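Here are a few notes from going through the model, one point at a time. Have the coordinates open while you read.

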Amino acid sequence: MCELYSKQDTLALREKHIGPSCKIFFAADPIKIMRARGQYMFDEKGERYLDCINNVAHVGHCHPEVVKAAAKQMELLNTNSRFLHDNIIEFAKRLTATLPQELSVCYFTNSGSEANDLALRLARQFRGHQDVITLDHAYHGHLSSLIEISPYKFQKDKDVKRESVHVAPAPDTYRGKYREDHEDPSTAYADEVKKIIEEVHRGGRKIAAFIAESMQSCGGQIIPPAGYFQKVAEHVHRAGGVFIADEVQVGFGRVGKYFWSFQMHGEDFVPDIVTMGKPMGNGHPISCVVTTKEIAEAFSSSGMEYFNTYGGNPVSCAVGLAVLDVIEKENLQGNAVRVGNYLIKLLNEQKAKHPLIGDIRGVGLFIGIDLVKDHEERTPATAEAQHVIYEMKGKGILLSADGPHRNVLKIKPPMCFTEDDAKFMVDHLDGILTVLEEVMDSKSGIVFSENTAYRTKMPKEIHVEMPNLSATEAGEIHRGKRNGVRSDQRALLSKRLKT
């Protein structure tokens, strides 16, 4: 593809015509991406970036088999699902074959938001209940119905939480209410849901659904403790509600051993509704809701027909089938296990070395690095995380941060990510953290070592103001060679440390 505009012109035109409607990555020094292949993206100058965050390009950017399937079907036919066509049948069969037997009815949609919105409609129609329990810091989509159940979004707004929405503590055993030293965190967190249900009933209301990502993404790469979902499902079912497992970001083999993340919790846990999206089409807009026959029949009996113009069209289904084929043929689940275990091992070695790393958590190719200012208080190192992200970009590595404090570096790359990629990423992370900690030490008078890392606190008054860099300073820091540590990097960072 030829470049129509220079990078500066593109930025100016984007500001004019798109503006605040869509935030851009690395606002202080954005990247103009022209093409991508596999786990790599390339800018207008041909510079290569290792993509560690794009869980949409699930089997790799522009995978030739997926591109071929889309083009082949597009040459033949693309229409809505009111006509008979083999693709939608084959795709539904292939998807349900990966799920427990009870989950047998597919509704095809076009985005994770559409899927979660439909899941709420199914749940509320099932028994006529209206109230929904969601997790703190959760995000389930951009539609109004989903912003209402997404504390990650509505807590930032002026809107007061709706009476029908109830927020349970996120089952975070590192930073949450019940931590790893609790004797039974799964029961403790599930009892919080039980208390909400009891309070709802006392108010004369009824629970329609509990919804949760099988592993919380925007909440900070949270892995629920074993047994939590089973206990929650018991409480919710007893109240007449249904359990919605949101697999939009974490499904399709990302955890490695299992195709769906909820399956990590054991065969005795089966959600009533599963939603899926993002990786499903490897960048093509397709999503799905899968539920039980009983819930589907209750929905259809309402008299309100469900129809989606583009949902389940032949091209989308061809793309989805190709993604399933690639996952199987290239053993990407096995790759997620092998590379994920290797990456977690490397990161745990860095955790023992760097006091800024408070926790490493994850499964397969879904990993979080929780950065802290001290290990005892677990104070989020938010500004430091932003600094690391920009410095990694300068090394040709794309990372991002999430969690309520935006201090958790998230790693969820295309599933073709290799051990060499993992080593490359961790080596540069090591170098960047080393420089950052050296500068912080020089400002605090504290000397860190591998032996004292877990016991040492960084003074709370020391912070890094990377998000407020001037354009000149941002350019100085982020331009130049990607290999090696520059002395000006230390100098500029030192200027930004305040005591």
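1. Let's start on the surface of this predicted model. A nonpolar patch is made up of Leu4, Tyr5 and Leu13, and together these residues have about 300 Å² of accessible area.

2. Tyr5 from that patch sits in the segment before α1 (7–17). Is Tyr5 buried or exposed? Neither label quite fits: Tyr5 is partly exposed, because its relative accessible area is 44%, and partly exposed covers what lies between under 20% (buried) and over 50% (exposed).

3. Now for the pockets. The second largest one has a volume of about 310 Å³. It is lined by 15 residues, and Ser81, Ile88, Cys106, Phe108 and Gly311 are the closest to its centre.

4. Which elements supply at least two residues each of that pocket's lining? Those would be α3 (86–96) and β4 (105–109). If you're thinking about the chemistry of the second largest pocket, its lining splits into 10 nonpolar, four polar and one charged residue.

5. On to the enclosed spaces: the count is four cavities of 30 Å³ or more. The second largest cavity comes in at about 50 Å³.

6. What lines the second largest cavity? Thr79, Asn80, Ser81, Phe83, His85 and Ile88 do, along with Gly312, Asn313 and Pro314. By class, that lining has three nonpolar and six polar residues, with no charged ones.

7. One thing to look at on screen: Ser81 and Ile88 are among the residues closest to the centre of the second largest pocket, and Ser81 and Ile88 also line the second largest cavity.

Notes:
Residues are numbered from 1 along each chain as its sequence is written. This is a predicted model: local features need pLDDT of at least 70, side-chain atom pairs count only at pLDDT 80 or more; totals for chains, interfaces and linings use all residues. Side-chain values use heavy atoms; hydrogens and water are left out. On a 1 Å grid over the protein atoms alone, a cavity is a set of points where a 1.4 Å probe fits but cannot get out, and a pocket is an open set with protein on both sides within 12 Å along at least five of seven lines; lining residues have an atom within 4 Å of a point. Grid points are joined across faces, edges and corners, and a volume is the space filled by probe spheres set on the points. Ala, Val, Leu, Ile, Met, Phe, Trp, Tyr, Cys and Pro count as nonpolar, Asp, Glu, Lys and Arg as charged, and the others, Gly among them, as polar. Patches are made of residues with over 30% relative accessible area and no salt bridge: like charges are joined within 9 Å, nonpolar side chains (Val, Leu, Ile, Met, Phe, Trp, Tyr) within 5 Å. Accessible areas come from the Shrake-Rupley method with a 1.4 Å probe; for residues, only the protein chains shown count as cover. A salt bridge is a side-chain nitrogen of Lys or Arg within 4 Å of a carboxyl oxygen of Asp or Glu. Helices (H or I, at least four residues) and strands (E, at least two) are DSSP runs, numbered from the N terminus. Buried means under 20% relative accessible area, exposed over 50%, partly exposed in between (1.4 Å probe, protein chains only).
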